[in-house]
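Thank you all for coming. I would like to use these few minutes to walk through one sheet, one helix and a set of annotated positions.

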Amino acid sequence: MGFHASFCGETYSFPDLATLLAVASPARSGDVLAGLGATSDVQRIAARHALADVPLATFLNTALVPYEEDEVTRLIIDSHDRAAFAPVSHMTVGDFRDWLLSHAADGPTLAAVAPGITPEMAAAVSKIMRNQDLMAVAARIRVITRFRNTIGLSGCLASRLQPNHPTDDLKGIAASTLDGLLYGMGDAVIGINPATDNVETGMALLDMLDHARRRFDIPTQTCVLTHVTNTIEMMNRGGAVDLVFQSIAGTQKANEGFGINLSILKEAHDAARGLHRGTIGNNVMYFETGQGAALSAGAHHGLDQQTVETRAYAVARAFDPLLVNTVVGFIGPEYLYDGKQITRAALEDHFCAKLLGVPMGCDACYTNHAEADQDDMDNLMVLLGVAGISFLIGVPGADDIMLNYQSLSFHDIMTLRHMLRLDPAPEFAAWLERMGLYDAKTGRMRELSPGQTRLGQLIA
Amino acid sequence: MDTKKPTPLPPGDAWDGLRHLTRARIGIGRSGNAQRTRDVLAFQGAHALARDAVHTALDVAALRAQLAPGEEAQLVTSSAPDRPTYLRRPDLGRRLDDASRAHLHAGAWDVVFVAGDGLSAVAVQNGAVPLYHAMRGLLAGWSVAPLVIATQARVALGDDIAVAMGARMVVMMIGERPGLSVADSMGVYLTYAPYVGCPDSARNCLSNIHPHGLSIPQAADRLAWLMREARRLSLTGVGLKDAAPQHGHIRHEGVPPLEKDHGK
């Protein structure tokens, strides 16, 4: 078969669906690196015309990564809900965009249709949506998850407190944790990227975080973001594991590059649920994703980086995660070159995940070899806040001294909450007030030093 | 002006006693919800230093001047013609350009050392020749090829160089991606029997070599151990790492900083 479009008197042809999707994608360096993507702006728009005419049902009949070779494809096809798909089954990609933006597509309607949407359908429609379209539709979708608090409610913006330290020093991490709590951070999770993959260190970090959480009765969850097999080992040893973390990607081969498969994730999911540590819910998984992961593992099967990224959300939604976030600018300029590409990718990732029913957050971030700076992150956080992002990641002063990249500061997220009138998760907000950290009269976090709050005992 | 650390609050602030616990920008206070002017400018200064480290070219003449009189070094370049291309096309940074390949002399070398600019030329400018000289002192009886200086280089460029020179092992000394706190950190990658397309899992890595991190003598001792073991076992990578003794002062071994996956 093939796809064709006429544009300004010229006919453009695309040999297959993967090529059509790649050429229709907004420009980004990773697709150029892969030898995919449009060779001219006009070709790109011609591809969008052709893509808009493709029936959604085509995506059910065309496996972009072969079913026999890839367990992610099998997961997508085998778990597809035909009944949920019925209301949109007659539409083309272009019709689907118009329907998503119509007033008929309200939050409950979009939630009902989510199990009928495949990642490839979400990717396809995103390619013919402008940034404001991605925000407008995502803002209607609430994906609500629970463990010790409630993430994803309308009017709320949660945050991950990321207190990393280059040598996993417990007191250094405690100091950064205290700093973040004083800004109202940490309702999504207090989550450390350890400097080593060592299980003993992971156990010590978990113990420290769990002790602090229980001592101050903080309604949140803690996590050491180590490999899933390490977390299974820590659970076997009786470690205080709230959440199981893992980086995931959109193909079986890319996941093998991470040293995982669906059965390892299932084993970890079952084990963590069995601990029953959640007080108001049992969403126990935390996943990170990001465009470019599959290509960097040589496992993209000729797909553009945004399409293959959405397939990771099918992996995520199979395990009812509490949290998922795209680490959008971390991968570097060979995949997302500058602030414009990072911004676009973050909005795509958020929209596609929410459309598929995944509780998406974002690490709005960049590295020092990308053409981006903190102004780009300011812009991005506001766009994501308007789009209803579930949570953002904050580090002290926006400077992660272990991973050597820049994210948002605690100040940034506090500023965003004020500008957009967004609150922390309700249980956590109540705790902030109970602890005297939040002043309900002024609607502000109090400016306290460690000696002025009981929390200062975190560093004793 | 110290751009690397947040400005301390006035004396007597309760954070003063905690700041020694971490170099993170904790306890910096605020004006309303925002960071204060001095902290915003300090951050921008640190970012500027990191950006300049990425974009400053390796000073090859100055690097050669660090060598002893009569000591040879060969200059090569990757297939990436300039920095913007280098940043977008890591594949080109992993392959020699044809002219460079033709210049390299084949020989029965046990090892070739490569000083590659990577993402921080200043790191290599400062650290590569001292480490190379320290290693020559520790590798008595080894056939060590003349130093190769490589520009627009990625880690795997060393594989291409080693193949062209017939070297059994390659040590790539390369500038790591700068962070806000350290812009001059060098990484060292050891690969036994390298070939074009060699996976990163077949390498061993020492990272964070800079004045506030791993020192040159510490890195040299550790690298000499790895090289002797690599020769004895005829391998590098995961198999060698598993056998390595635990040295408390080396914390970041095994994570290739230039090739980190997105998942942190």
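Before the helix comes up, let me fix one term: contact here means heavy atoms within 4.5 Å. Please also keep in mind throughout that this is a predicted model.

With that in place, helix α6 of chain B, residues 121–138, lies across β2 (112–116), β3 (147–151), β4 and β5 of chain B, and it runs at about 150° to β4(B). Those strands belong to an open sheet of six in chain B, with mixed pairing and the order β1-β3-β2-β4-β5-β6. At the edges of chain B's sheet stand β1 (73–77) and β6 (203–209), and because each has a single partner strand, one side of each is left without a neighbour in the sheet. On average, neighbouring strands of this sheet are turned by 20° against each other, direction ignored. Looking at one pair in detail, β4 (residues 169–175) and β5 (residues 186–192) of chain B run antiparallel and are joined by seven bridges, with B:Y192 in β5(B) serving as the bridge partner of B:M169.

Now to the annotation: an unreviewed UniProt entry places the feature "binding site" at B:V155, B:E176 and B:C205. These positions are spread over 51 residues of sequence, yet they cluster in space, the largest C-alpha distance being 11.7 Å.

Are B:V155 and B:E176 buried or exposed? B:V155, in the loop between β3 and α7 (157–165) of chain B, counts as buried because its relative accessibility is 3%. B:E176, in the loop between β4 and β5 of chain B, has 5% relative accessibility and therefore counts as buried, and its side chain is joined to that of B:S185 by a polar contact of 2.6 Å.

Conventions:
Residues are numbered from 1 along each chain as its sequence is written. Chains are lettered from A and ligands numbered from 1 in the order in which they are written. This is a predicted model: local features need pLDDT of at least 70, side-chain atom pairs count only at pLDDT 80 or more; totals for chains, interfaces and linings use all residues. Side-chain values use heavy atoms; hydrogens and water are left out. Two strands pair if DSSP finds at least two bridges between them. Helices (H or I, at least four residues) and strands (E, at least two) are DSSP runs, numbered from the N terminus. Axes are lines fitted to C-alpha atoms, for helices over the stretch in contact, and angles run from 0 to 180 degrees between N-to-C directions. UniProt positions are given in the numbering used here, feature names are shortened, and annotations may be inferred rather than shown by experiment. Buried means under 20% relative accessible area, exposed over 50%, partly exposed in between (1.4 Å probe, protein chains only). A polar contact is a pair of N or O atoms within 3.5 Å; within protein, one must be able to donate a hydrogen and the other to accept it, and residues adjacent in sequence count only if both atoms are side-chain atoms.
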